[in-house]
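This report walks through charged pairs, a helix crossing and a few single residues. Keep the sequence and the 3D view open as you read.

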Amino acid sequence: MTELVAVDIGGTNARFALARLEADGRIALDEPVTLGTSDFASLQTAWEEFERRIGRQAPRAAAIAIAGPVNGGTVRMTNNSWVLHTGALDEQLGIDRVTVINDFGAVAHAVARADADQFATLCGPEGDLPATGTVSVIGPGTGLGVAHFLRLPGGGYHVQPTEGGHIDFAPMDHIDDLILQRLRARHRRVSVERVVAGPGICEIYQTLATMERRKPQELDDRAIWTRALERSDSLAVAALDRFCLSLGSVAGDFALAHGSSAVVIAGGLGLRLRHLLPTSGFAERFRFKGRYEQMMAGIPVKLIVHPQPGLFGAVAAFQCQYSQQEQQQA
């Protein structure tokens, strides 16, 4: 049995949990500790707070998922100010072994390893995820996470993290045109993350208010999400419906680009929309790909309902890395 610390660092929160790799390969996670990234100057100071919370020194191994591209020795967060120097983590955190992976690469590991009961069907064929082919993993949160993995012969898999959330936003109708027009007035380039991520609902809400010649209220994204999910504000509900449409379009685009045999929606927003997405326009927009509409209808789209896929997947990535090293040394 190997004990380690699993860390999932997003744009808003950093989650820490003690984890165990059992002798039979199973992964066990303790209850996570959630810290606001804006409350701490660095990973090191947040790590020290985690140790204070658990009342002991942390294990000397860590699996760290981080919202940003993991290339080279310096990792800069996409949506907060933390900077990780991977070569110095052993000294800063007092650890001997560490895996650092893009946060949605970690979620892809979780999707590849999770049991069948950890998925709910959103649209497309019922049943388990396919045993072969490529699976796209897409998650709206503070940003838009995108990754995919390929099932390999013999039961293995290979994860490919991406920065797919930063591809161009493609309007599908006149309301999308208005959303793009609003965003283009303030940004040199408009990516899908500007629309299909938590803060994007503000842009949708304000666009709809302008379209209806209403005096727009200055609300943050949390307020709009709350009003929409509580159905206490008709304009917020309309913005939520539009968000689901855009998420369906983007998910379908990635299915085409990745040659996917399945798509999995992940992230905190995905869970909050679990019961709304199947009855929204998500599925129609996912399929709406011209001559490939019939093919798209045959692709299963699932939602991962595991409570902590980032932490679980980070540990799975650690397990893959160090088991491969052990095999090479044997």
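A salt bridge here is a side-chain nitrogen of Lys or Arg within 4 Å of a carboxyl oxygen of Asp or Glu. The model is predicted: local features need pLDDT of at least 70, side-chain atom pairs count only at pLDDT 80 or more, and totals for chains, interfaces and linings use all residues. Residues are numbered from 1 along each chain as its sequence is written, and side-chain values use heavy atoms, with hydrogens and water left out.

## Salt bridges

How many salt bridges does a search of the whole structure find? The count is 17. Three of them are set out below.

| Positive partner | Negative partner | Closest N to O distance |
|---|---|---|
| Arg53 | Glu49 | 2.7 Å |
| Arg186 | Glu203 | 2.5 Å |
| Arg227 | Asp233 | 3.1 Å |

Lys and Arg count as positive, Asp and Glu as negative; His and the chain ends are not counted.

Start with Glu49 and Arg53, whose side chains meet in a salt bridge. Both lie in helix H1 (residues 43-54). They are four residues apart, so about one helical turn separates them. Helices (H or I, at least four residues) and strands (E, at least two) are DSSP runs, numbered from the N terminus. Burial is graded by relative accessible area: buried is under 20%, exposed is over 50%, and partly exposed lies in between (1.4 Å probe, protein chains only). Glu49 is buried, at 15%. Arg53 is partly exposed, at 45%.

The Arg186 and Glu203 salt bridge has its closest N and O atoms 2.5 Å apart. This pair links distant parts of the chain, 17 residues apart. Arg186 sits in the loop between helix H4 (174-184) and helix H5 (200-211), while Glu203 belongs to helix H5. Arg186 counts as partly exposed, at 46% relative accessibility. Glu203 counts as buried, at 14%.

In the third pair, Arg227 bridges to Asp233. Arg227 is partly exposed at 26% relative accessibility. Asp233 is buried, with a relative accessible area of 9%. Elsewhere, salt bridges that share partners tie Asp173, Asp176, Arg242 and Arg285 into one network.

## Helices H6 and H7

At what angle do the axes of H6 and H7 cross? The axes of helix H6 (residues 221-230) and helix H7 (residues 234-258) cross at roughly 95° and come within 8 Å. Axes are lines fitted to C-alpha atoms, for helices over the stretch in contact, and angles run from 0 to 180 degrees between N-to-C directions. H6 and H7 are therefore roughly perpendicular to each other. That label covers 65 to 115 degrees; under 35 is roughly parallel, over 145 roughly antiparallel, and the rest oblique.

Which residues meet here? H6 brings Ile224, Trp225, Arg227, Ala228 and Leu229. H7 brings Ala236, Val237, Leu240 and Phe243. Contact means heavy atoms within 4.5 Å. Arg227 in H6 thus has two roles in this report: it meets H7 and forms a salt bridge with Asp233.

## Two loop arginines with positive phi

Arg213 is not a glycine, yet its phi is positive, about 60°. It is found in the loop between H5 and H6. At 78% relative accessibility, Arg213 counts as exposed.

Arg231 also has a positive phi, near 60°, in a residue other than glycine. Its place is in the loop between H6 and H7. Arg231 counts as exposed at 52% relative accessibility.

## A buried arginine without a salt bridge

Arg151 is found in strand E11 (residues 144-151). It is buried yet has no salt bridge. Its nearest side chain of opposite charge is Asp128, 9.0 Å away. What does the side chain of Arg151 reach? It reaches the backbone oxygen of Pro130 at 3.2 Å. A polar contact is a pair of N or O atoms within 3.5 Å; within protein, one must be able to donate a hydrogen and the other to accept it, and residues adjacent in sequence count only if both atoms are side-chain atoms. Leaving out residues up to four places away in sequence, Arg151 touches several residues, including Ala112, Leu129, Thr132 and Tyr157.

## Thr134 and Gly25

Thr134 lies in strand E10 (residues 134-140). Thr134 is buried, at 12% relative accessible area. Beyond its neighbours within four places in sequence, its contacts include His148, Phe149, Leu150 and His258.

Gly25 is found in the loop between strand E2 (13-21) and strand E3 (27-29). Not counting residues up to four places away in sequence, Gly25 touches Arg113 and Gln319. Gly25 and Lys289 are 41 Å apart in space, C-alpha to C-alpha, and 264 residues apart in sequence.
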